[in-house]
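Dear colleague,

Please find below the structure I wished to hand over to you, followed by an account of what was found in it. I would be grateful if you could read the notes alongside the model.

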Amino acid sequence: MTLDKKWWKEAVVYQIYPRSFKDSDADGVGDLKGIISKLDYIKSLGIDVVWLNPIFASPNDDNGYDISDYQDIMREFGTMDDFDALLKGMHERGIKVVLDLVVNHSSDEHEWFKQSRSSRTNKYRDYYHWWPSEKGKPAKRYSFFDVNNDAWKYDSLTKSYYLHYFSVKQPDLNWENKALREEIYKMMRYWFDKGIDGFRMDVIPFISKDTTYPELPAQYEGDFVAYYANGPFLHEYLKEMNEQVLSKYDVMSVAEGAGVSTASAMDFVDADRKELNMLYHFDGVSLGYLPGEFKTPDPNGYNLLAFKEIYSRWDSIFAEKGWGTIYLGNHDQPRMVTRWGNDSPDFRELSSKMLTTFLMTMRATPYYYFGDELGMSNIKFDNIEDYRDIESINMYKQTQEKKGDLKKFIENQKISARDNGRTPFQWDNSANAGFTTGNPWLKINPNYLNVNVAAEEKDPNSVLNYFKKIVKFRKNEPALIYGKYTLLDKSNPDVYAYIREFEGKKMLVLLNFKAKAASATIADIDLSKAKLVMNNYIEEGKSLLDLRPYEAKIYELK
Ligand code: ISL
C-alpha cells in the first residue's frame, strides 16, 4: 500500500456552532464578530480546520439548515465583510475554514422556491419536486421534522404537493434538473474563489431521487433513510460536482453519511472514483438507542463490545484506500461526555479526557465539537418550553397527539436531544458564562461556574489542557495518523485496547470505558520496554494492564 498523504488526513477539525459560540452585539445569538474576537483562543487549541455550521441567510426554521440565500450571511450572524474578516483572521493563524453545504433542500423563503411555487409553468418550477394533485396522493415519503412524518406538503396555489424530507420550510431541491445543479456548482465556486477550504455536505447522499416517486421498495421498509441515500444518479452528480468544482481547488470535502453503510462508503471516498474525500457514518452515534423508537436510550447504556466492533469495522474498510472520520459529538448529538462517558462530578473530567484520547488516536480525521474540550455536559431540560430545536418540539407534539408518555419523552431527551449540544459556550464565570450580555437564545448550563475556559486555562490538569496536549501529540506522531490499527483484547467488555503502528513504531492505547477498575489482557506482545507517554490521571498507576475508572493511557512500545 502506498501512503497517500493529504493535509486533511493529518488535520484535527474543530466544529463551531456559530449561534452558540460568542455573541458580540448582545442579541443573545452568537455571531461572526464573536468568533473573530476569539480567534486566538481557537488558535491556542492547536487545531487545523474550523467547520462552521451554516452561516447563510436563513429564516432559521432549522437553525440555518434552511437557507434562503446561499451567497448572503444570516442577519443575526453579521455581514459578508465580517465573513471576509473572519476568513482572513483564520488564514493568518494557519487555520483552514470549512463551510456547511446544505443543498439537498433550501428554505421555502428562497427566491427559487417562491418562484417555483407561484405557477406550474414558472421557469423555476422544476428546481423542486412537485406532484400534481390530479394524480392523487403521492406515495408515502417520511419526513424527519414533520409532526405526521409526512414529507409531502399540499400547496393549494398550484394544487400540487411538494417534497420535504425535513421540515415543511425545507423543500427538497431537484437535482435531476441540470439547471439547478449548475446553479449549485456556481455557488460553490463563489465560496472557493473567496478562499474557503472545503465543505461539509449536509445529507448529500439524499440528493438524487427517483422522480416517478414509486412506493417505497419493500426492502427499505423500516429503513427509509437507506432508500433516501441510494438515489439513482447520486454518484453521477458527485462525480460531476468533483469535475466541475472540487477538482479545481485544493480543498476538502466531507459527506454527512446519513443512510450510508460500510458496504457503500467506498463509493463516496475512493480517490480513484473522484467524488469526495471523507464521509461520516451514523453507526457509532446510533448505538445504545432502542431500535425502532425515537432516540430512546437503552436503560442499560451502550455495549462497549458493539462500540468496538463498529469503530474497528469502519477502520478496516479504509485500510487500503479511502479515509475515515471519527467523532462522538456534533450539533445533532447530545454532549459527548453525557452520552459516551460519565457526567457525574467524580468522572466528568476523567471520562471527557478518556473519550478525547479515543478520538485523537484512531486512524481517521477527528471532528471535534466545540465545548467538548471543556468537558461541557448535557443541560437536561425538565420542560419542553426550554427546547428550541424543531426536532424536539415536533416529536413532543407527536407524542402528545399519539397520547404517548410525555414524562418519559422528556426523560429520554435529557440524554439524546440535540439542544444539549447546542447550549452556549462557557467562557468564564461571569453572567451568562461570558457568552452574551443579552438574553441567550438557549439556556446556559448552570455548571458554567466551574466548567469554563478561564478556569480551565489556569488549571494545568483541566480537560482543556489535556485536549491541547493530545492534539499536539497526535500531530507530531505519524503512527497515530497513518498507522495501522489493530484491536486487542476484543472480548473485554470494559476496556478498549488497540495498537497503532507505523514504520516500526508502535503505540498502545488502553481505554477504560467504565466507572470501575478494569484490566486488559494482552498476549504475544512484548510490553517490557513500554513507555507511558500519555495518561489522563496525574499519578502513574501501579501496573500497565490495570486501569482505574475511565483511565486512558498511551504507551510507546519499542
Ligand atoms: O439529527 C438527526 C435526527 O436527530 C438526523 O437525522 C439529522 O436530521 C440528519 O442527520 C440530517 O442532519 C443534517 O440535516 C438536517 C439538519 O437539521 C441537521 O442539523 C443536519 O446536520 C436538515 O438540514
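Strand β6 and strand β8 (residues 160–163) are paired in the antiparallel sense, and three bridges hold the record of that pairing. One pair of partners can be named: W130 has Y162 in β8 as its bridge partner. Please bear in mind throughout that this is a predicted model.

These two strands belong to an open sheet of three strands, ordered β6-β8-β7 and paired antiparallel. Its edge strands are β6 (130–132) and β7 (152–155), each of which pairs on one side only. On average, neighbouring strands of this sheet are turned by 30° against each other, direction ignored. Helix α5 (residues 111–118) lies across β6, β7 and β8, and its direction makes an angle of about 10° with β6.

The loop between β6 and β7 contains D150. A polar atom of the D150 side chain is 2.9 Å from the backbone nitrogen of W152. Which residues does D150 contact, leaving aside its neighbours within four places in sequence? They are K137, K140, R141, S143 and H164. As a point of reference across the chain, D150 and T436 are separated by 286 residues in sequence and by 38 Å in space, C-alpha to C-alpha.

A further open sheet is formed by five strands in the order β14-β15-β16-β20-β18, again with antiparallel pairing. At its edges stand β14 (484–488) and β18 (531–535); each has a single partner strand, so one side of each is left without a neighbour in the sheet. From one strand to the next, the twist averages 25°. Strand β14 is joined to strand β15 (residues 495–502) by five bridges, and the two run antiparallel. Within this pairing, L487 stands opposite Y498 in β15.

Two helices lie across parts of this five-stranded sheet. Helix α11 (residues 304–317) lies across β14 and β15 and runs at about 20° to β15. Helix α13 (residues 348–360) lies across β15, β16 (505–512) and β20 (552–557), running at about 145° to β16.

I turn now to the ligand. There are 18 residues around the ligand, and those that come nearest are D62, D202, K295, D332 and E391. By class, the surrounding shell consists of nine charged, six nonpolar and three polar residues.

Three side chains may be listed with their distances to oxygen atoms of the ligand:

- K295: a polar side-chain atom lies 2.3 Å from a ligand oxygen atom.
- E391: an N or O atom in the side chain is 2.4 Å from a ligand oxygen atom.
- E256: a polar side-chain atom lies 2.8 Å from a ligand oxygen atom.

How much of the ligand does the protein bury? Taken alone, the ligand exposes 490 Å², and the protein buries 94% of that area.

With kind regards

Methods: Residues are numbered from 1 along each chain as its sequence is written. This is a predicted model: local features need pLDDT of at least 70, side-chain atom pairs count only at pLDDT 80 or more; totals for chains, interfaces and linings use all residues. Side-chain values use heavy atoms; hydrogens and water are left out. A residue is near a molecule or strand if one of its heavy atoms lies within 4 Å of it. A polar contact is a pair of N or O atoms within 3.5 Å; within protein, one must be able to donate a hydrogen and the other to accept it, and residues adjacent in sequence count only if both atoms are side-chain atoms. Accessible areas come from the Shrake-Rupley method with a 1.4 Å probe; for residues, only the protein chains shown count as cover. Ala, Val, Leu, Ile, Met, Phe, Trp, Tyr, Cys and Pro count as nonpolar, Asp, Glu, Lys and Arg as charged, and the others, Gly among them, as polar. Two strands pair if DSSP finds at least two bridges between them. Helices (H or I, at least four residues) and strands (E, at least two) are DSSP runs, numbered from the N terminus. Axes are lines fitted to C-alpha atoms, for helices over the stretch in contact, and angles run from 0 to 180 degrees between N-to-C directions. Contact means heavy atoms within 4.5 Å.
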